[in-house]
Amino acid sequence: MACILNRTSPLNASPSSDEIDLFELFHSIWRQKKLVVGCTILAGVLGAGYAFLAPKTYEVSSVLRPAAINELDALNRSEVYKLPPADALSKVGAQLDSYEARLGFFKSHEQLFAAFQKPGQSLEQSFEDFNRNSVNLILPDPKKSDSLSSYIRLELQYPADIDGVAILNGFVDYAIAAERDQVGADLKVIVNNRLNELKGKIDAARANYETDKESKIAKLLEADRLKRAQLQDELSALRLQMKMERTNRLAELAEAIAIAKSMGIRTPTTPSSMADAGRSGSGQVMRTEVNNQKIPLYFLGTEALEAERVALQQRTSDDFTNPRVAEIGKELQMLEANREVEVLRKRGNEDIFLQDVEPLRAEVARLRGLNIDMSNLKLVTIDRRAQEPLAPIKPKKALVIALSLVGGLVLGLLIALFRHFMLTPRPAVAYSALDDGRFARRERKDDELPL
């Protein structure tokens, strides 16, 4: 038994799909070759028009590398500011990437950025558009630590009516000059701070010296006053002692005069002489008297004793009787002026007497002799300055035209395929029932009716 099934019949549940005749498909596309070629030519013409008429974008670049060691040797040997070449390159790179530095260069060279300034936009808005889309800073791969990879590359993309070479070279010079000025300002501040610190230490040493000097003078004067008071006290006590001794002597003389008068001794004599005076005889006798006892004062006789008493009573000063009085006077005279104090007070340049300030003064002299003019300091080496580009980077004419042709060809093929499937009639599918209950797929004849 045979039956005819429509493609939309529920019995059309077989997993098999329609077969596509590739030869017929290629033949159909070939019949539409004019359409495909036309689309390709049209797309190529449009691409060529874009490639030749679109605004051109140019690109310039500049490469910076670390400066030579000898360029920064004078700065590093100052022992004030350390700046290795790699750090100097990093600082310049930070300046190149700094928004403030770019804006400062933009404001100071407005004539170079006239094309970026659009009507209705502020200066900052125009700069933002330039900074976001035109400048690109490229750093080496951080995984490469060798010195050969230390560089900074700055790229600038700009339209045809912009002097990109002048902008990029000018900005590089501006950033280097700004960093150089910053290094000079930092060095100046560090040197001034160091000088102020040293000046403070020297002033402190000077203050300590003044304090020590005044303290020493005060101690010397105090010692002189104490010595003078002690000598005055000693002199007064000595004079009182001598006066008492003179009084005691007068009393002794008075007593001795009274005894001598009672004994009738007028002239000096001795006890043995008095004993011989009472003996008679004309013989002349020479005696030698040895006596370890003090002879009483009255044996001097009244004449000598009275003469001594008169002299003692008429004495106005006893100072000459004791040599210590003269010594005290000499010492008091020496204390009238302390020569060490006078020398301390008459010092002209007292700074030369300061202790432990010679290294500080040497450091001050060294810092003042430093050359802090960084106008000629070479922070980096400009390995390559920006040069006029030979061709624009956008649009790339050959690539644009090639892509346009490929796109036109693909579009033409798609249109041809679409027309082939839409305009070519497709035969209906019929199924024949087999004896075992399966269906066989075959092409439906025109005189067969669907089930």
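This is a short conversation between a visitor and a guide about a predicted model.

Visitor: How do you know how far to trust the model, and what is its mean pLDDT?

Guide: It's predicted, so local features need pLDDT of at least 70 and side-chain atom pairs count only at pLDDT 80 or more, while totals for chains, interfaces and linings use all residues. Residues are numbered from 1 along each chain as its sequence is written, and side-chain values use heavy atoms, leaving out hydrogens and water. The pLDDT is the predictor's confidence in each residue, from 0 to 100. Here the mean is 81, and 83% of residues reach 70 or more. Over residues 1-18, though, the pLDDT is below 50, and that stretch has 33 contacts (heavy atoms within 4.5 Å) beyond near neighbours in sequence.

Visitor: Why is Glu-79 called exposed?

Guide: Exposed means over 50% relative accessible area, buried under 20%, and partly exposed in between, with a 1.4 Å probe and protein chains only. Glu-79 has 62% relative accessibility, so it counts as exposed. Glu-79 also has a positive phi of about 60° although it isn't a glycine, and sits in the loop between helix H3 (73-76) and helix H4 (85-96). Helices here are DSSP runs of H or I with at least four residues, strands are runs of E with at least two, and both are numbered from the N terminus.

Visitor: And what makes Asp-356 buried or exposed?

Guide: Its relative accessible area is 67%, so Asp-356 is exposed. Phi of Asp-356 is near 60°, a positive value in a residue other than glycine.

Visitor: How do you know which strand pairs with S2?

Guide: Pairing takes at least two bridges found by DSSP. S2 and S3 (residues 152-159) have 4 and run antiparallel, with Leu-137 bridged to Leu-154. Along S2 (residues 135-138), Val-135 and Leu-137 point to one face and are buried, while Asn-136 and Ile-138 point to the other and are not.

Visitor: What makes something a cavity here, and how many are there of 30 Å³ or more?

Guide: On a 1 Å grid over the protein atoms alone, a cavity is a set of points where a 1.4 Å probe fits but cannot get out; lining residues have an atom within 4 Å of a point. Points are joined across faces, edges and corners, and the volume is the space filled by probe spheres set on them. The count comes to 1, and the largest cavity has a volume of about 80 Å³. Its lining includes Val-135 and Leu-154.

Notes. On a 1 Å grid over the protein atoms alone, a cavity is a set of points where a 1.4 Å probe fits but cannot get out, and a pocket is an open set with protein on both sides within 12 Å along at least five of seven lines; lining residues have an atom within 4 Å of a point.
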